[in-house]
Amino acid sequence: MEPDPRFTLANERTFLTWLSTALALSAGGVAMAAVPAEVFVPWIRTTLAIMLVALSALAAGMAYPRWRNIQRALRNQAPLPPPALAAVFGYGVAAVAVIALVLIVLAI
């Protein structure tokens, strides 16, 4: 059975949002890697950059399987799968933000 087009299009918008999030995380990681060494301790700066780019790769890599699983559930009128990686992204981005904030405050 074909799902309501509104749900299919909403699922597609969510997929594109995951990709936009991945691009933003990747840009943040590249920007963090470009921060001058005197601003942040180099190994911490590199760690933050790696965390952001790794979250970016995870978001991009999981976007299509998530879209596909939701689309399948919509077609079968089954329960939607839970957002398994939501906590990883939430806590991951929060951890990077808190560490960056502490380093910014210490640099002042």
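Reader: Before we look at Ala97, which cut-offs decide whether a residue is buried, partly exposed or exposed?

Author: Happy to start there: with a 1.4 Å probe and protein chains only, buried means under 20% relative accessible area and exposed means over 50%. What falls in between is partly exposed.

Reader: Thanks! What kind of model is this, and how are residues numbered?

Author: This is a predicted model, in which local features need pLDDT of at least 70 and side-chain atom pairs count only at pLDDT 80 or more, while totals for chains, interfaces and linings use all residues. Side-chain values use heavy atoms, with hydrogens and water left out, and residues are numbered along each chain as its sequence is written, from 1.

Reader: Then where does Ala97 sit, and how does Ala97 count by accessibility?

Author: Ala97 belongs to helix α3, residues 86-107. Between the C-alpha atoms of Ala97 and Leu48, which are 49 residues apart along the chain, the separation is 9.1 Å. Because its relative accessibility is 45%, Ala97 counts as partly exposed.

Reader: What pattern does the chain follow along the sequence?

Author: Helices (H or I, at least four residues) and strands (E, at least two) are DSSP runs numbered from the N terminus. The chain has 3 helices and 0 strands. Read in order, the pattern is α-α-α.

Reader: Is the chain a compact globule or more spread out?

Author: The C-alpha trace spans about 60 × 20 × 20 Å along its principal axes. The globule rule (2.2 Å times the number of residues to the power 0.38, with the radius of gyration taken over C-alpha atoms) gives 13 Å for 108 residues. The chain's radius of gyration is 18 Å, well over that value, so the chain is more spread out than a compact globule.

Reader: How do α1 and α2 pack, parallel or antiparallel?

Author: Axes are lines fitted to C-alpha atoms, for helices over the stretch in contact, and angles run from 0 to 180 degrees between N-to-C directions. Helix α1 (residues 5-34) and α2 have axes 7 Å apart and pack at an angle of about 170°. Angles under 35 degrees count as roughly parallel, over 145 as roughly antiparallel, 65 to 115 as roughly perpendicular and the rest as oblique. That is why α1 is roughly antiparallel to α2.

Reader: Where is Gly29, and is Gly29 buried or exposed?

Author: Gly29 is part of helix α1. Its C-alpha atom is 27 Å from that of Pro82, 53 residues away along the chain. With a relative accessible area of 2%, Gly29 is buried.

Reader: And Phe40, is that residue buried or exposed?

Author: Phe40 is placed in the loop between α1 and α2. Because its relative accessibility is 6%, Phe40 counts as buried.

Reader: Which sign does phi have at Gln77, positive or negative?

Author: Most residues other than glycine have a negative phi. Gln77 lies in the loop between α2 and α3, and with a relative accessible area of 58% Gln77 is exposed. Although Gln77 is not a glycine, its phi is about 50°, which is positive.

Reader: Which helix gives the most to the lining of the largest pocket?

Author: A pocket is an open set of points on a 1 Å grid over the protein atoms alone, where a 1.4 Å probe fits, with protein on both sides within 12 Å along at least five of seven lines; lining residues have an atom within 4 Å of a point. The largest pocket has 13 lining residues, with Met62, Arg66, Pro82, Ala84 and Leu85 nearest its centre. Giving 6 residues, the top contributor is helix α2, residues 42-75.
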